[in-house]
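Reader: Hey, got a minute to walk me through this one? I'd like to start with how it's put together.

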Amino acid sequence: MAGQTLYDKLWSQHLVKERDDGTALIYIDRQLLHEVTSPQAFEGLRLAGRKPWRLDANLATPDHNVPTTLKERAEGNAGIKDPVSLIQVQTLDDNCVEFGIEEFKINDPRQGIVHVVGPEQGATLPGMTVVCGDSHTATHGAFAALAHGIGTSEVEHVLATQCLLAQKMKNMQVRVEGKLGAGVTAKDVVLAIIGKIGTAGGTGYAIEFAGSAIRDLSMEGRMTVCNMAIEAGARVGLIAVDETTIDYLGNRPFAPSGELWGAAVADWRNLVSDSDAVFDKVVELDAAEIEPQVSWGTSPEMVTGISGEVPDPAEAGDDTVRRGYTRALEYMGLKPRQKITDIRLDKVFIGSCTNSRIEDLREAAKVARGKKVADSIQLAMVVPGSGLVKRQAEAEGLDKIFIEAGFEWREPGCSMCLAMNADKLGAGEHCASTSNRNFEGRQGYGGRTHLVSPAMAAAAAIAGHFVDVRRLDDQPVAEEA
Amino acid sequence: MNKFERTEGLVAPLDRANVDTDLIIPKQFLKSIKRTGFGVNLFDELRYLDEGQPGQDCSQRPVNPDFVLNQARYQGASILLTRRNFGCGSSREHAPWALEDFGFRVVIAPSFADIFYNNAFKNGLLLVTLGEETIDRLFAEVEASEGYRLDVDLENQRVITPSGEIFEFEVDGFRKHCLLEGLDDIGLTLKDEDAIRAFEQRHRAARPWLFRDSAQA
């Protein structure tokens with residue numbers, strides 16, 4: 001019999017019951033909650049007179065709606081100007097009090113984007129099942145946790161039963177072998193993977209990212225890769241446990257300590273795919289061939305290298321793709337064969353659950369140090385992923401580097417990744433963004449998003465247009481527009 | 001959940017691949033703490049010519065006459081015909097809530113994104129997957145004949161065209177059962193309460209660090 005994949009192991013460790021029709025009940029170890037996808041779930045519990053099954057499995061924090069300017073944040077919830085956003089954040093607070101769930105409230109230093117907060121606190125551990133009413137829950141798979149996004153009905157289901165109805169996914173392995181070039185980051189790796197397999201390439205699969213280039217990534221880089229598994233259609237992205245994983249977790253507040261730590265680590269070391277495990281699909285990439293990536297269209301698969309150009313729809317493979325490309329170019333205001341380096345930017349956003357951790361901010365600060373944001377850029381903002389990331393960045397003086405370069409230094413939250421708060425693009429504006437989705441209207445009505453790494457976003461802010469971060473110093477800086 | 005038995009209804013074609021949940025219901029409408037009222041903002045950025053805001057009177061807004069759902073011949077449609085990877089992107093259940101609230105009972109496409117697929121079935125919205133060639137033909141037929149209707153029979157897993165042509169579709173048994181009976185998942189799962197408790201006990205014994213009260217002891 002063939003060995004088990006990491007996904008197979010996690011699945012069988014949590015299988016409560018399997019029905020004849022293939023539907024299974026799996027046990028959930030951790031649920032993360034935020035204000036947008038939980039109110040209707042709590043309301044459902046109330047209407048049915050149900051209580052949460054296990055309080056200590058849950059952890060909540062508001063992130064999507066919270067303002068990011070210090071002025072508004074100084075006043076806590078009262079500083080949220082949008083009355084509808086305020087109700088949603090207040091409703092989360094009220095529900096957490098009513099049901100007894102631990103919450104990091106708006107100005108708790110531990111507040112932040114759920115997918116930054118969970119790992120930072122050690123609330124995400126290897127071997128866990130982790131769910132959240134947010135598709136980027138795939139992030140936590142970097143710890144060899146079986147983690148995926150769920151809808152609000154499922155949030156309620158997990159609250160009430162500690163279980164989820166699920167069907168086993170297929171196994172895909174994406175191997176990235178070799179060394180990444182200088183200036184090429186985890187974000188470029190995952191964008192290149194999505195460019196290769198497409199936005200539906202992983203539908204129905206749990207993707208395990210493997211290979212030497214993945215092993216060489218830090219935990220934060222691995223989180224960036226797993227975060228965007230959903231952009232390739234896969235709800236689950238996974239990376240096996242190794243020393244990097246274990247080193248990251250020591251002394252985190254929610255992580256085990258003392259004797260339990262030793263027992264846990266011994267168990268975690270088994271969270272790797274067996275050498276004879278069989279994957280339903282294997283995709284291989286050569287790390288050395290990946291260059292810094294920039295998305296040009298309105299789907300994350302519409303991406304190319306910095307030396308590339310916008311494609312010509314006339315050369316698309318089929319009618320549906322051609323129509324998609326044509327529509328994307330029209331929406332993005334780009335021409336076929338336009339060079340990526342000729343795309344001029346209006347705004348720059350460094351943040352989101354993909355790229356708002358301390359290493360992301362260090363990468364961006366390294367590029368911005370001693371330089372100035374181009375005059376043609378209306379707004380360049382840096383939004384740390386949590387209060388603790390912000391504090392760490394300030395201890396390292398990164399905030400000063402950004403501010404001196406002309407970036408705005410903000411308070412933690414999801415911010416302009418999806419523009420549910422006041423941070424958004426205007427119609428027609430091009431944005432270099434370290435977020436995960438370039439869908440129409442995602443960052444603001446009519447806004448034009450280009451997905452890039454933090455270093456590439458910082459370089460674009462300095463140059464005023466996309467530029468190869470590896471050659472930033474050779475480039476003429478943009479003159480006044 | 002509403003029971004789904006059979007829907008015979010007008011078909012509206014949305015000829016576009018990779019329709020994401022941001023397009024189905026833009027984020028500003030996710031601030032609601034209710035499950036209803038999203039229908040007026042379904043496909044908001046395609047449907048209207050201005051930027052929509054929550055709580056606004058949509059009857060006063062300029063509509064995009066080119067958008068398919070604004071065309072007279074598709075008023076009252078309950079079946080949406082669309083292209084591959086429908087519902088990709090975020091996990092927002094507001095997407096099926098908006099489709100249902102607008103009046104759709106069925107979406108037919110060559111493929112759907114995973115999370116959306118789950119969310120739709122939990123809300124009584126039937127997703128029918130048919131091959132690309134069949135979808136191409138249905139698009140041609142819908143566009144060629146005004147008032148084109150399809151009969152979607154979940155019990156027998158068949159889509160029947162006006163000419164009597166039958167396309168069979170697959171749907172997993174459990175989802176079909178829940179939809180036909182209008183079953184509440186939570187109530188069903190709680191019938192297995194003893195099995196869950198027994199599992200939980202074994203799980204805690206094997207891996208106590210997964211339980212915070214044990215891990216922090």
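Reader: What domains does the assignment give for chain A?

Author: The domain assignment splits chain A into domain 1 (1–291) and domain 2 (293–474). Keep in mind that this is a predicted model.

Reader: Ok, and how far apart are the C-alpha centres of the two domains of chain A?

Author: The C-alpha centres of domain 1 and domain 2 of chain A are 24 Å apart. Their contact takes in 40 residues from domain 1 of chain A and 43 residues from domain 2 of chain A.

Reader: Which elements on the domain 1 side of chain A give two or more residues to that?

Author: Those are α3 (70–73), α5 (114–121), α7 (186–197) and α9 (219–227) of chain A. α7(A) gives the most, with six residues. By class, the domain 1 side that touches domain 2 of chain A has twelve nonpolar, 18 polar and ten charged residues.

Reader: Let's stay with α7(A). At what angle does it cross α9(A)?

Author: The axes of α7(A) and α9(A) cross at roughly 25 degrees and come within 8 Å. Angles under 35 degrees count as roughly parallel, so α7(A) is roughly parallel to α9(A). The crossing of α7(A) past α9(A) is right-handed.

Reader: Which residues make the contact there?

Author: α7(A) brings A:Ala186, A:Lys187, A:Val189 and A:Val190, while α9(A) brings A:Gly221, A:Thr224 and A:Val225. By class that contact has four nonpolar, two polar and one charged.

Reader: Switching to strands. What's the order in the open sheet of chain A?

Author: Four strands of chain A line up as β4-β3-β5-β6, with parallel pairing. The edges are β4 (58–60) and β6 (146–149) of chain A, each of which pairs on one side only. On average, neighbouring strands of this sheet are turned by 15 degrees against each other, ignoring direction.

Reader: How many bridges join β5 to β6 in chain A?

Author: Four bridges join β5 (residues 129–132) of chain A to β6(A), and the two run parallel. A:Val131 of chain A sits opposite A:His148 in β6(A).

Reader: Last topic, the chain A and chain B contact. How many residues does it take from each?

Author: It takes 52 residues from chain B and 62 residues from chain A. On the chain B side, several helices supply at least two residues each, among them α1 (21–24), α4 (114–121) and α6 (173–181) of chain B. α8(B) gives the most to that side, with five residues.

Reader: And what's the class mix on that chain B side?

Author: The side of chain B that touches chain A has 20 nonpolar, eleven polar and 21 charged residues.

Technical notes:
Residues are numbered from 1 along each chain as its sequence is written. Chains are lettered from A and ligands numbered from 1 in the order in which they are written. This is a predicted model: local features need pLDDT of at least 70, side-chain atom pairs count only at pLDDT 80 or more; totals for chains, interfaces and linings use all residues. Two strands pair if DSSP finds at least two bridges between them. Axes are lines fitted to C-alpha atoms, for helices over the stretch in contact, and angles run from 0 to 180 degrees between N-to-C directions. Two residues are in contact if their C-beta atoms, placed from the backbone, lie within 7 Å. Ala, Val, Leu, Ile, Met, Phe, Trp, Tyr, Cys and Pro count as nonpolar, Asp, Glu, Lys and Arg as charged, and the others, Gly among them, as polar. Domain bounds come from an automatic or database domain assignment. Angles under 35 degrees count as roughly parallel, over 145 as roughly antiparallel, 65 to 115 as roughly perpendicular and the rest as oblique. A crossing is left-handed if the near helix is turned anticlockwise from the far one by less than a right angle, and right-handed if clockwise.
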